[in-house]
Amino acid sequence: MKKRYEPGEIELKWQEIWAQKGKNIFSSRVSKTAPKFYCLEMFPYPSGKIHMGHVRNYAIGDVIARYKRMRGYNVLHPMGWDAFGLPAENAAIKEGVHPARWTHENIAYMKKQLVRLGLSYDWSRELATCLPEYYRWNQWFFIKMYEKGIAYRKASFVNWCPSCSTVLANEQVIEGKCWRCDSTVIQKELEQWFLRITAYQQELLDAADSLAGWPQKVVLMQKNWIGRSEGLEAMFRVEGSDESIVVFTTRADTLFGARFICLAPAHPLAEKFAEPGALAKIREHYGKVDEKHGLFTGRYAINPANGEKIPIYVANFVLMEYGTGAIMSVPAHDQRDFEFAQKYGLPVKVAVKPEGGEEIPEGKAFEEDGILADSGPFTGLKSAEARAKIAGFIEGKGMGRRMVNYRLRDWGISRQRYWGTPIPIIYCEHCGAVPVPEKDLPVILPEDVKFTGTGASPLAEAENFVNTVCPSCGGKARRETDTMDTFMDSSWYYVRYCSRKDEPALDKENLRYYMPVDQYVGGVEHAVLHLLYSRFFMRVIRDLGLSEVPEPFQRLLTQGMVCMETTRCPEHGWLYPSEAEGGVCAKCGRSVERGRTEKMSKSKRNVVDPDHLIKTYGADTARLFSLFAAPPENDLQWSEKGVEGAQRFILRVWAFIHDNMERLEAVKGQLPEGKSPLLRKTHQTIMRVTRDIEREYHFNTAIAAMMELVNTLTAFEPAESGPENREDLRQMRFAVEKMLLLLSPFCPHVAEELWEAIGMPASIRLESWPGYDEEAAREEEIELVIQVNGKVRTKIMVPHGLPDDELKTRAMALPRIQDAVAGRQVINIFAVKGKLVNIVIR
RNA sequence: GCCGGUGUGGUGGAACUGGCAGACGCGCCGGACUCAAAAUCCGGUGAGGGCAACCUCGUGGGGGUUCGACUCCCCCCACCGGCACCA
């Protein structure tokens with residue numbers, strides 16, 4: 001064993017060994033006997049290089065995977081690439097590299113980085129979503145959904161840059177302008193494909209409460225996103241017409257306060273009643289959170305509750321996509337309606353008064369519940385009761401019904417982009433939209449296309465691709481040229497992992513064994529979309545009869561962001577850490593401004609390069625610090641000093657074993673026989689580390705416990721000679737072995753190396769997680785805390801397990817306590833769990 | 001605006017279901033080693049007071065429940081996150 005710890009050398013050595021013994025060293029096979037554990041981290045977009053967020057994410061997952069293996073689970077721990085997406089296409093436009101090449105080169109580099117981190121993946125299941133053998137299943141799912149009516153086509157608006165004549169993603173629209181040419185982005189209506197996630201909305205909502213292994217925050221975000229609300233649909237007849245307007249309201253109790261009706265600009269009756277030019281003006285303001293604009297149609301509607309005649313407006317703020325596209329406006333009890341009424345000089349009528357009898361505040365709407373006023377037979381009722389009664393009244397008149405509405409919309413998956421899965425649809429002049437037959441899948445994304453960044457999508461101009469024949473009638477036809485949202489790729493990739501590359505995808509037996517994912521780890525930024533789409537997809541998969549599992553992810557861990565202090569030079573702007581050493585700008589020597597700690601980002605330059613980190617300190621240190629500095633769900637503040645501290649810990653372990661090698665070797669294979677503080681500490685440490693990992697993966701405290709054990713070890717002085725010497729050495733060896741086992745999921749390389757160095761024959765990754773003896777972990781003497789009136793007065797050592805009465809007696813007998821109590825009346829004495837006594841005096 | 005979360009030393013963070021606040025790490029201070037420095041090792045380190053043993057205060061602020069509150073309840077403040085004309 002070398003005196004010096006050289007992480008680069010030993011890490012490469014072990015990575016080679018792990019890779020060499022066949023590609024299957026961390027691979028999993030379906031087993032009849034072993035329980036499975038599916039550990040998954042969110043797969044990365046191959047942007048070029050991994051960043052510290054990946055390091056943290058994958059370090060967390062790897063500890064879990066390695067720990068569970070040691071606990072005897074058949075662990076499935078796969079990795080792959082979320083390989084379709086916009087950046088590849090942008091690189092093609094900017095640098096002329098083909099997206100495929102760009103993507104594959106990035107994957108190759110990033111895979112090396114992941115291997116270099118010592119992550120224990122089953123690479124036999126590696127996938128890249130941009131490969132036809134993967135995306136053909138996107139297409140297959142699409143067709144199945146089409147057959148079931150879950151995939152459908154309808155017109156909808158997209159962001160359109162008139163100057164580039166191209167469609168823009170939301171994130172490419174910056175303050176209403178095109179990110180590339182700065183022209184104003186407009187809304188253009190296109191026919192697009194949608195997936196009917198709303199068919200599952202109630203199930204997704206109901207089942208959200210069963211996600212016990214998820215952070216409550218994420219569950220809540222999903223519930224809010226689905227946004228269920230119960231209310232009343234009420235029908236307002238239009239005066240002098242056969243038409244009627246149906247509105248949705250959650251506040252049936254305010255029905256008597258309705259002063260006017262507002263239609264969404266896209267409402268069919270808006271079209272019918274409003275003057276086209278004026279309507280077009282209103283439509284310009286639709287969907288924008290600016291001022292409210294309205295247009296009187298000249299028509300009136302009849303309130304079904306009291307027969308009142310109220311005007312009908314068209315208003316820009318009324319959404320066509322929610323409810324019925326029409327609302328009853330109650331300016332007294334809805335702030336938006338109030339603002340609208342103010343602007344157009346419309347009347348306000350109070351229908352609900354505060355319960356306490358206080359005055360309604362001026363100048364705004366009173367939106368709370370209260371007591372009904374001026375509401376015919378319902379006057380005097382409380383809001384909650386009135387809502388039910390009025391709804392029943394309207395229903396009884398056949399003028400409406402109780403309704404549930406959801407905020408959730410169907411999932412638009414069409415993207416006018418090249419680098420994605422082609423939507424497998426063919427448009428025939430005679431037959432219309434025809435799905436590509438299953439036998440013709442995959443529809444291959446052609447590689448020979450031009451990237452201009454303007455005009456139609458490259459795919460639309462690829463004649464060879466577009467022109468085809470109708471699978472139904474054999475006539476001339478054109479292919480759909482839109483591609484799928486990349487969230488489609490990530491909605492089921494965890495299912496693909498259940499089968500190896502050489503096995504058929506979606507194999508039922510594999511799914512039965514491996515699904516659901518037992519532990520999913522990733523960033524909270526996917527709390528809604530990715531995770532909700534996946535839950536939706538899993539239900540579709542269930543309904544296709546491929547799996548019985550509705551929920552894809554049993555447990556979810558959302559790790560916090562990796563943050564770092566920002567530094568700025570007054571002249572040169574944001575600085576990289578290396579440009580701000582010693583607090584001065586490397587370019588001009590001026591002292592830098594220290595900004596706030598923020599999420600690492602290239603734009604702020606507050607980043608640490610994982611390559612550099614690993615080169616300087618090694619993967620074990622990088623992993624250890626990422627896990628030690630904060631609990632996983634918290635944000636982590638990067639600190640170079642902290643990294644050095646993590647390395648120092650590894651160095652101490654190394655040095656200790658190196659310096660005690662002879663002693664450790666002398667007692668190889670021997671077990672300790674007696675009891676001692678060191679043995680107790682060892683058992684306590686195993687207990688703490690196990691508990692901390694099991695209980696919400698608190699790796700930071702688990703590592704702290706290991707540090708304590710190492711501190712105890714380095715302070716341990718074995719007897720110089722005699723039988724005590726042998727026993728002490730046996731205890732020392734015992735502690736060292738257990739400590740290495742505990743350390744191995746966190747710092748696998750150095751653990752392997754030291755395990756080998758102390759003469760253990762097999763790789764440490766094949767060892768079992770150490771057990772502990774609760775008896776042996778128990779302190780023989782405990783420190784009894786003695787309080788007077790809740791304040792600590794003194795502490796004494798007492799044997800473990802004394803009865804409460806004895807503790808009280810001993811506490812009262814202490815001279816210090818006698819002094820404190822002297823002249824006062826003892827009212828009560830509490831003894832708590834054999835470790836604390838509180839004496840209450842007056 | 002609505003919903004949710006967080007607030008503990010100089011600092012990152014500990015504290016199991018109401019029972020010793022500050023584990024572990026970083027930083028800082030002192031010491032050893034060294035010609036010297038770095039590295040390493042040892043010791044100290046919440047604030048205030050006292051020669052001392054000890055005492056007082058202290059978990060964003062204010063109140064409450066309790067023998068006892070970082071932990072439970074009410075009000076307020078600050079910061080972070082999600083949603084945002086969803087009727």
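## Cysteines

The sulfur of C428 lies 3.5 Å from the closest cysteine sulfur, that of C473, which is too far for a bond. A disulfide needs two cysteine sulfur atoms within 2.5 Å. C428 is buried, at 6% relative accessible area. This is a predicted model.

C39 is buried too, with 0% relative accessibility. The closest cysteine sulfur to that of C39 belongs to C498, 13 Å away, so the distance is too far for a bond. The structure as a whole holds 0 disulfides.

## The surface near RNA strand B

RNA strand B is surrounded by 52 residues. T250, L319, R336, R409 and K795 are the closest. Of the strand's atoms that come within 4 Å of the protein, 63% belong to sugar and phosphate.

By type, the residues of this surface comprise 21 nonpolar, 19 charged and 12 polar. Helix α22 (699-715) is among the elements that supply at least two residues each. In fact α22 gives the most, with 6 residues. The other elements supplying at least two each are helices α7 (216-226) and α19 (640-659), together with strands β9 (244-249), β30 (781-788), β31 (791-799), β32 (826-832) and β33 (836-841).

## Polar contacts to the RNA

K292 reaches a base: a polar side-chain atom of K292 is 2.6 Å from a base oxygen of RNA strand B.

Backbone atoms also take part. A polar backbone atom of F317 lies 3.1 Å from a sugar or linking oxygen of the strand. For F248, a polar backbone atom is 3.5 Å from a sugar or linking oxygen of RNA strand B.

Notes: Residues numbered from 1 in each chain as written. Chains lettered and ligands numbered in written order. Predicted model: local features only at pLDDT ≥ 70, side-chain atom pairs only at ≥ 80, totals over all residues. Heavy atoms only, no water. Near = heavy atom within 4 Å. Polar contact = N/O pair within 3.5 Å; in protein donor to acceptor, adjacent residues only side chain to side chain. Helix = DSSP H or I, 4+ residues; strand = E, 2+ residues; numbered from the N terminus. Nonpolar A, V, L, I, M, F, W, Y, C, P; charged D, E, K, R; others polar. Buried < 20%, exposed > 50% of the residue type's maximum accessible area, 1.4 Å probe, protein only.
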